[in-house]
Amino acid sequence: MTTNPAVPGLPDLGRCLVMGVVNVTPDSFSDGGDWFDHDAAIRHGLELVAEGADLVDVGGESTKPGAQRVSLPEELRRVVPVIDALSAEGVHVSIDTMRAEVAEAAIGAGAKLVNDVSGGLADPAMPRVVAKAGVPYVVMHWRGHSHDMQTRAVYDDVVAEVGDELRRRTEAVMAEGVDPSLIVLDPGLGFAKRPEHNWTLLGHLEALLSQGRPLLVGASRKRFLGRLLGRSDGAPRSFLDCDDATAAITALAAAAGAWCVRVHDVRANADAVRVAAAVGRGRVAAPGVRP
């Protein structure tokens with residue numbers, strides 16, 4: 001099992017971390033509207049922590065395929081009160097946003113990490129905001145906004161191309177002043193990726209880990225799982241019925257050395273990372289067996 005570097009300012013528990021999702025949106029793909037009310041979102045965030053989440057990722061803009069962008073004032077209205085309340089309870093909060101102004105306000109409200117699905121491409125000011133704040137920054141592989149990203153899912157070698165594009169984005173954000181030790185990579189499963197691309201990336205996480213940076217894996221409830229598990233007539237399984245498959249990916253990603261997994265249903269995934277860590281320790285401890 002590969003061991004990811006720890007990320008300064010965030011928990012270092014000797015295992016893959018679990019990031020629970022709070023979508024303060026009416027249109028997210030699996031739970032849109034469930035936590036749109038601020039009080040409901042805050043309660044849900046605290047519930048996720050009680051179930052074993054190490055981080056809580058708060059987002060106010062859906063990035064599902066075909067989604068349209070919300071205005072800056074609306075995104076701020078959705079997320080800042082939730083982040084403020086969760087941070088006041090001692091929760092390690094991540095802000096899921098592509099906007100520098102939202103990231104700045106979220107950090108001011110207590111967010112400890114910026115999770116930018118565009119890797120700084122959607123808002124060129126984002127790396128400078130992150131650099132100034134000195135917080136960890138998730139750089140995800142991204143080829144365009146939700147309304148047309150699937151038209152860009154064209155690869156000759158998806159593992160090599162995603163790795164190269166992430167490397168270039170890493171170099172670009174470091175050139176803007178982001179501390180290299182604070183950069184986390186995310187392969188962007190489902191973003192400008194077809195199912196076969198997602199499976200290939202999951203089967204070759206070691207290629208991304210070879211860049212020496214912490215890796216965040218976000219497969220939870222995504223369409224490629226529903227398609228794999230669909231009925232004999234071709235109908236995909238529902239998003240909510242993909243949580244067991246998500247936990248399976250979590251166990252495999254954690255065993256491969258992922259730093260963190262981003263999930264909707266926390267309890268089973270919190271169990272999965274602990275099982276993976278125990279198996280990893282067993283490999284190291286077994287006499288005469290190479291770890």
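**Figure 1. Helix α2 holds E74 and R78, four residues apart.** Both residues lie in helix α2, which spans residues 72-88, and their spacing of four residues corresponds to about one turn of the helix. This close-up, like those that follow, is taken from a predicted model. The side chains of E74 and R78 meet in a salt bridge, with a distance of 2.8 Å from N to O. Side chains of opposite charge can pair when their charged atoms come close. The two partners differ in their surroundings, for E74 is partly exposed at a relative accessible area of 21%, whereas R78 is buried at 7%. The threshold explains the two labels, because a residue counts as buried under 20% relative accessible area. The pair in this view belongs to a set of 13 salt bridges found in a search of the whole structure.

**Figure 2. R262 and D96 meet in a salt bridge.** The N to O distance between these two side chains is 3.2 Å. The pair links distant parts of the chain, since R262 lies in strand β8 (residues 260-263) and D96 in strand β3 (residues 93-96), 166 residues apart. Both R262 and D96 are buried, and the relative accessibility of D96 is 8%. The approach of the side chain of D96 to that of R262 also registers as a polar contact, at 3.2 Å. The view includes D57 as well, for D57, D96 and R262 are linked in a network of salt bridges.

**Figure 3. The surroundings of D96 in strand β3.** D96 lies in strand β3, and, when its neighbours within four places in sequence are left aside, its contacts are D57, V58, G59, G60, E75, N115, V117 and R262. For a sense of scale, the C-alpha atoms of D96 and R43 are separated by 18 Å, the two residues being 53 residues apart along the chain.

**Figure 4. V58 is among the residues with the most contacts inside the largest nonpolar core.** This core has 70 residues, and I83, V114 and V217 share with V58 the place of those with the most contacts inside it. Not counting residues up to four places away in sequence, V58 touches V22, V24, V79, V82, I83, L86, V93, S94, I95 and D96. A second core, separate from this one, has 11 residues and includes L10, L17, L55 and V184. In soluble globular proteins, nonpolar side chains tend to be buried together.

**Figure 5. Eight strands form an open sheet with parallel pairing.** The order of the strands is β6-β5-β4-β3-β2-β1-β8-β7. Strands β6 and β7 (216-217) stand at the edges with a single partner strand each, so one side of each is left without a neighbour in the sheet.

**Figure 6. Strand β6 pairs with β5 and is covered on both faces.** Strand β5 (residues 137-140) and β6 run parallel and are joined by four bridges, and the bridge partner of Y137 in β6 is I183. Together with helix α5 (residues 158-175), these two strands make a right-handed β-α-β unit. Within β6 (residues 183-186), I183 and L185 point to one side and V184 and D186 to the other, and all of these residues are buried. In a regular strand the side chains alternate between the two faces of the sheet.

**Figure 7. A192 and R221 have positive phi angles.** A192 is not a glycine, yet its phi is positive at about 55°. A192 is placed in the loop between β6 and α6 (195-203), and its relative accessibility of 0% makes it buried. R221, likewise not a glycine, has a positive phi of about 60°. R221 lies in the loop between β7 and α8 (223-228), where this residue is buried, with a relative accessible area of 9%.

**Figure 8. D233 and R231 form a salt bridge between exposed residues.** The closest N and O atoms of D233 and R231 are 3.0 Å apart. D233 is exposed, with a relative accessible area of 55%, and R231 is also exposed, at 56%. For comparison with an earlier view, the partners R262 and D96 in Figure 2 are both buried.

Key
Residues are numbered from 1 along each chain as its sequence is written. This is a predicted model: local features need pLDDT of at least 70, side-chain atom pairs count only at pLDDT 80 or more; totals for chains, interfaces and linings use all residues. Side-chain values use heavy atoms; hydrogens and water are left out. Buried means under 20% relative accessible area, exposed over 50%, partly exposed in between (1.4 Å probe, protein chains only). Two strands pair if DSSP finds at least two bridges between them. A crossover is right-handed if, with the strands pointing away from the viewer, the path from the first strand over the helix to the second runs clockwise. A salt bridge is a side-chain nitrogen of Lys or Arg within 4 Å of a carboxyl oxygen of Asp or Glu. Contact means heavy atoms within 4.5 Å. A polar contact is a pair of N or O atoms within 3.5 Å; within protein, one must be able to donate a hydrogen and the other to accept it, and residues adjacent in sequence count only if both atoms are side-chain atoms. A nonpolar core is a set of buried Ala, Val, Leu, Ile, Met, Phe, Trp, Tyr and Cys residues joined through side-chain atoms within 4.5 Å.
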